[in-house]
Amino acid sequence: AIQEEEDKPEDLQPRAPIVTVMGHVDHGKTSLLDYIRKENVIAGESGGITQHIGAYGVTLENGQKITFLDTPGHEAFTAMRARGAQVTDMAIIVIAADDDVMPQTKEAISHAQAAGVPIVFAINKVDKPTANPDKIKEALAGMNLLVEDWGGKIQSHDISAKTGVGVKELLEKVLLEAEILELQANPDKHAQGTVVEAFLDKGRGYVSTILVQAGTLKIGDYVLAGKNSGKVKAMHDERGNAIEHAGPSTPISILGLDGAPQAGDKFHVFEDEKEAKQIASKRTQLQREQSVRTQRH
Ligand code: GDP
């Protein structure tokens with residue numbers, strides 16, 4: 001087993017919340033993620049997010065940061081959880097105000113609750129004449145989910161992912177909720193985190209997007225991710241910038257692994273290349289044995 005280093009309280013520093021967007025189909029998850037991606041411009045940096053790497057970070061006007069998993073829907077969330085990955089700190093659940101609390105909305109709520117992750121509701125499409133946010137909030141109250149303007153504790157905000165109305169305020173509520181969580185990590189150690197997605201690029205080889213959750217990843221680090229390993233040859237952020245190191249809550253695409261690990265695989269940095277390779281090949285062998293066993297049954 002891989003030993004986790006114990007962090008001293010004085011080594012811990014605040015980190016950005018990692019947020020997943022879930023909700024019923026067509027309620028506006030993709031539109032919300034797109035709007036946030038396009039509108040975000042870091043002070044002094046023109047141009048928004050150009051690459052789809054499966055996750056992106058935004059900086060608000062006040063300098064605070066939020067990291068978004070850029071795969072809308074709870075399939076990604078549950079796939080990662082099934083692999084034992086606890087990545088998300090918070091869930092934005094999008095509900096279209098011209099519709100109802102639908103089956104997938106309820107599923108998303110149960111997933112967040114099962115993971116112990118706070119929910120912020122985004123009551124979407126309020127630009128539509130048929131929108132009725134109060135009807136949604138009433139339905140939520142009927143499910144024992146009281147939002148703030150109904151005297152409860154759950155954050156919610158009326159938004160339009162199309163016009164952008166309310167999105168800024170929604171993100172402020174996400175940060176407020178994050179403050180309560182007191183999210184921290186030790187940036188001064190070998191990086192560890194979770195794979196978000198990975199694929200084979202014809203020109204560049206295996207490209208893996210990983211989310212650093214603790215420590216700092218550097219060029220030249222030797223990484224083990226699931227059954228794959230390799231030395232980090234290059235790192236890029238969601239703006240396509242080459243970067244040298246990535247700290248906690250930073251999503252980053254890396255080159256250098258000898259294959260494509262699976263979403264939800266954990267990654268660790270190893271001092272010793274040989275040890276990492278041994279673990280990788282042991283995992284491959286174990287999987288082979290398991291699949292032989294399933295075939296026999
Ligand atoms: P998803 O399936 O949850 O990712 O939903 P999408 O983001 O793909 O949105 C579904 C449809 O609703 C698309 O046609 C969007 O253009 C539309 N839509 C999303 N948000 C809004 C909104 O705030 N207002 C209006 N009028 N339409 C929206």
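## How two helices pass each other

A crossing is called left-handed if the near helix is turned anticlockwise from the far one by less than a right angle, and right-handed if clockwise. In this predicted model, helix 2 passes helix 3 in just such a left-handed crossing. (Helices here are DSSP runs of H or I, at least four residues, numbered from the N terminus.)

Helix 2 covers residues 74–82 and helix 3 residues 103–115; they pack at an angle of about 30 degrees, their axes 11 Å apart. That makes helix 2 roughly parallel to helix 3 (angles under 35 degrees count as such). The axes are lines fitted to C-alpha atoms over the stretch in contact, with angles from 0 to 180 degrees between N-to-C directions.

## Who surrounds the ligand

Around the ligand sit 15 residues, and Asp26, Lys29, Thr30, Ser31 and Asp127 come nearest (to be near, a residue needs a heavy atom within 4 Å). Helix 1, residues 29–39, gives the largest share of this shell, three residues. By type, the shell has two nonpolar, seven polar and six charged residues (Asp, Glu, Lys and Arg count as charged).

## Polar contacts and cover

Now for the polar contacts, pairs of N or O atoms within 3.5 Å. A polar side-chain atom of Asn124 is 3.1 Å from a ligand oxygen. Polar backbone atoms join in too: one of Lys162 at 3.3 Å from a ligand oxygen, and one of His27 at 3.4 Å. On its own the ligand has 580 Å² of accessible area, and the protein covers 73% of that (Shrake-Rupley method, 1.4 Å probe).

## Reading notes

Residues are numbered from 1 along each chain as its sequence is written, and side-chain values use heavy atoms, leaving out hydrogens and water. Since the model is predicted, local features need pLDDT of at least 70 and side-chain atom pairs pLDDT 80 or more, while totals for chains, interfaces and linings use all residues.

Technical notes: Polar contact = N/O pair within 3.5 Å; in protein donor to acceptor, adjacent residues only side chain to side chain. Helix = DSSP H or I, 4+ residues; strand = E, 2+ residues; numbered from the N terminus. Parallel < 35°, antiparallel > 145°, perpendicular 65-115°, else oblique.
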